Structure formats: structure tokens, C-alpha cells
Amino acid sequence: MEARSAPAPLWIIAVLALLPFPASALIYAFAPNDLGPGALTTILTWSAVVLSFLGGVRWGLESGREDPRAGRLAASVISPIAAWLLVMGRAEMGAALVICGFMAAFMLQWLFDHAAPDVPARYPRLSTTLTAGACISLAMALEKALRL
């Protein structure tokens, strides 16, 4: 497949979808402590939402095939399930471990997407941008969580 860039509207939407990551990470890391809990909840919840969305993208790409592969369809629900388990386990696991879990989930999602056959050439670029933005922001939040 020819590697070409995604259309501008697709990139604009992707960048707008990234904004809650750095915004909430910066607030969590640098704003007064009374804003920290809300910012942490925001970045963790947004992580779950985006991972669920990416699982849906994977489902959509696979289900659009003439002969969808059951294994790939089943795998598309792993990241949303993992994301919501991380959100629900936050109280028991602690913020640092949940943040690490989300970083791992984003990286595994990225690896799976890049190994996927029959994916439009522009999709890996978009997933790389989204993964990098999410993981850099989560790493900033992790640094703060480790200091608490």
C-alpha cells in the first residue's frame, strides 16, 4: 500500500482528541494540589475512553473485511476491557500502577495495530501520534504520582 498522509480533517480531529492528555497531565503535575485529583481522574478516564475507541477502530477495520477473522475481532475488545479494569482498580492498585498499566496498554495496542494486516497506510501514523501523545503525558503524570 502506498504510504501517504491522512487528510487534514482526520489529523485535526486526532490532535483535538490528544489535547486532554497533555492538559490534564500538566495540571496534575504542576497545578496546586487541590486540582490534582480531578486532573488525574481526567487523564485516566480519557485513557480508558481512547483505548476503547482504538479497540472500536480495530473492530471496524476487521468487521469491514469480506471475511472477518474471529481472533482479530476478539482481540479488539481486550484494550477496552483492560482500560476499564484499570479505571475500576484504581483505588486498590494506586495511581502509579494504574498509570503504568495504561502506558503498557497503549504500547501493546500500538504494537498490535502495526502488526495488523490490511490496515490503511495512514492508520499506523495516526496511531503512533496518538500513542506517543498519550504515553508522554502519562509519563509526566507518573513522575508526579511517584512523588506522592
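Let me begin with the contacts of Val87 in this predicted model. Leaving aside neighbours within four places in sequence, Val87 is in contact with Leu44, Ala48 and Phe102. Val87 itself belongs to helix 5, which covers residues 78-88. Another residue to place beside Val87 is Ser47: the two are 40 residues apart in sequence, and their C-alpha atoms are 9.1 Å apart in space.

Ala48, one of those contacts of Val87, deserves a closer look. Ala48 is found in helix 3, residues 36-63. Is Ala48 buried or exposed? With a relative accessible area of 0%, Ala48 is buried, because the cut-off for that class is under 20%. Apart from neighbours within four places in sequence, Ala48 is in contact with Ala83, Trp84, Val87 and Phe102. Phe102 therefore appears in the contact list of Val87 and also in that of Ala48. From Ala48 to Ala105 the separation is 57 residues in sequence and 9.7 Å in space, C-alpha to C-alpha.

Remaining in helix 3, I turn to Arg58. Arg58 has a relative accessible area of 9% and is buried. Which residues does Arg58 contact, leaving aside its neighbours within four places in sequence? They are Arg72, Ala75, Ser76, Gln109, Phe112 and Asp113.

The next topic is aromatic pairing. The count for the structure comes to 1 aromatic pair. The partners are Phe21 and Phe106, whose ring centres lie 5.8 Å apart. Why is the pair described as edge-to-face? The planes of the two rings stand at 80 degrees, and an angle over 60 degrees counts as edge-to-face. Phe21 lies in helix 2, residues 20-30, and Phe106 lies in helix 7, residues 95-115, so the pair ties together parts that are 85 residues apart in sequence. As for accessibility, Phe21 is buried at 0%, and Phe106 is likewise buried, with a relative accessible area of 0%.

Phe21 also brings us to the packing of helix 2. In general terms, two packed helices are described by the angle between their axes and the distance between the axes. Helix 1, residues 8-18, packs with helix 2 at an angle of about 20 degrees, and the axes are 5 Å apart. Helix 1 is therefore roughly parallel to helix 2, since angles under 35 degrees fall in that class. On the side of helix 1, the contact is made by Leu16, Ala17 and Leu18. Helix 2 contributes Pro20, Phe21 and Pro22.

A further ring to mention is that of Tyr28. The charged end of Lys144 sits over this ring, 5.4 Å from the centre of the ring.

I close with the cysteines. A disulfide is a covalent bond between the sulfur atoms of two cysteines. How many disulfides does a search of the whole structure find? The search finds 0. Cys100 is in no disulfide, and the nearest cysteine sulfur to it, that of Cys135, is 11 Å away. Cys135 is likewise in no disulfide, with the sulfur of Cys100 as its nearest cysteine sulfur, at 11 Å. That separation does not meet the criterion, because the two sulfur atoms would have to be within 2.5 Å. The two cysteines also fall into separate accessibility classes: Cys100 counts as partly exposed at 36% relative accessibility, whereas Cys135 is buried, with a relative accessible area of 12%.

Technical notes:
Residues numbered from 1 in each chain as written. Predicted model: local features only at pLDDT ≥ 70, side-chain atom pairs only at ≥ 80, totals over all residues. Heavy atoms only, no water. Helix = DSSP H or I, 4+ residues; strand = E, 2+ residues; numbered from the N terminus. Contact = heavy atoms within 4.5 Å. Buried < 20%, exposed > 50% of the residue type's maximum accessible area, 1.4 Å probe, protein only. Phe/Tyr/Trp six-rings, centres within 6.5 Å; stacked < 30°, edge-to-face > 60°. Lys NZ or Arg CZ within 6 Å of the ring centre and 35° of its normal. Axes fitted to C-alpha atoms, helices over the stretch in contact; angles between N-to-C directions. Parallel < 35°, antiparallel > 145°, perpendicular 65-115°, else oblique.
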